[in-house]
Amino acid sequence: LIFDEGNSGSEIYFISKGVVALVQNSTKTFIKELGANEILGEYSFFTNKTRLCSAWSKDFTETLVLSW
């Protein structure tokens with residue numbers, strides 16, 4: 001688990017290796033997969049609102065994190 005739906009979003013993540021699945025727990029809905037050179041968490045990072053979904057690593061994943 002990289003981050004959980006409903007948590008505060010003071011970090012943005014850049015995926016350097018691996019695959020991340022975005023899932024909305026409240027509706028049990030798969031949203032999409034993200035891979036290398038993509039970012040996630042930007043909505044909550046820039047709006048200071050809670051996470052709209054959860055991010056799960058599907059395999060070994062390496063991310064770079066920017067936090068405020």
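Hi everyone. The lining of the largest pocket splits into nine nonpolar residues, two polar and two charged, and that is where I'd like to start. Please keep in mind that we are looking at a predicted model.

So, the pocket. The largest pocket has a volume of about 200 Å³. Its lining comes to 13 residues, and nearest the centre are Leu22, Gly41, Glu42, Tyr43 and Cys53. Which elements supply at least two residues each to that lining? They are β3, residues 29-34, β4, residues 39-40, and α1, residues 42-47. Among the contributors, α1 gives the most, with three residues.

Let me stay with Cys53 for a moment. We have just met Cys53 as one of the residues nearest the centre of the largest pocket, and Cys53 also belongs to the largest nonpolar core. That core has nine residues in all: Phe3, Tyr13, Ile15, Val20, Leu22, Leu34, Leu40, Cys53 and Ala55. Two elements, β1 and β2 (20-24), give two or more residues to this core. You'll spot Leu22 in the core list as well as among the residues nearest the pocket centre. If we leave out residues up to four places away in sequence, Cys53 touches Phe3, Asp4, Glu5, Leu22, Val23, Gln24 and Ile31.

Now for the charged pairs. How many salt bridges are there? The count comes to two.

In one of them, the side chains of Glu11 and Arg51 meet, at 3.6 Å from N to O. This pair links distant parts of the chain, 40 residues apart, with Glu11 in strand β1 (residues 11-17) and Arg51 in the loop between α1 and β5 (54-57). Are these two partners buried or exposed? Arg51 counts as buried, because its relative accessibility is 3% and the cut-off for buried is under 20%. Glu11, at a relative accessible area of 23%, is partly exposed.

The other salt bridge joins Lys58 and Glu33, and here the closest N and O atoms are 2.5 Å apart. Again distant parts of the chain are linked: Lys58 is in the loop between β5 and β6 (62-67), Glu33 is in strand β3, and 25 residues separate them. Glu33 has a relative accessible area of 39%, so it is partly exposed.

Let's move on to the backbone. Two residues are worth a look on your screens. Lys28 has a positive phi of about 55° although it is not a glycine. You'll find Lys28 in the loop between β2 and β3, and with 74% relative accessibility it counts as exposed. Then there is Asn48, also a residue other than glycine, whose phi is positive and near 60°. Asn48 is in the loop between α1 and β5, and it is exposed too, at a relative accessible area of 54%.

My last stop is Asn37. Where is Asn37 found? It is in the loop between β3 and β4. Asn37 counts as exposed, because its relative accessibility is 61% and exposed means over 50%. Even so, it has contacts: leaving aside residues up to four places away in sequence, Asn37 touches Phe14 and Ile15. Ile15 should sound familiar, as one of the residues of the largest nonpolar core. And if you want a distance to check on the model, the C-alpha atoms of Asn37 and Phe60 are separated by 15 Å, with the two residues 23 apart along the chain.

That's my tour. Thanks for listening!

How values were computed
Residues are numbered from 1 along each chain as its sequence is written. This is a predicted model: local features need pLDDT of at least 70, side-chain atom pairs count only at pLDDT 80 or more; totals for chains, interfaces and linings use all residues. Side-chain values use heavy atoms; hydrogens and water are left out. On a 1 Å grid over the protein atoms alone, a cavity is a set of points where a 1.4 Å probe fits but cannot get out, and a pocket is an open set with protein on both sides within 12 Å along at least five of seven lines; lining residues have an atom within 4 Å of a point. Grid points are joined across faces, edges and corners, and a volume is the space filled by probe spheres set on the points. Helices (H or I, at least four residues) and strands (E, at least two) are DSSP runs, numbered from the N terminus. Ala, Val, Leu, Ile, Met, Phe, Trp, Tyr, Cys and Pro count as nonpolar, Asp, Glu, Lys and Arg as charged, and the others, Gly among them, as polar. A salt bridge is a side-chain nitrogen of Lys or Arg within 4 Å of a carboxyl oxygen of Asp or Glu. Buried means under 20% relative accessible area, exposed over 50%, partly exposed in between (1.4 Å probe, protein chains only). A nonpolar core is a set of buried Ala, Val, Leu, Ile, Met, Phe, Trp, Tyr and Cys residues joined through side-chain atoms within 4.5 Å. Contact means heavy atoms within 4.5 Å.
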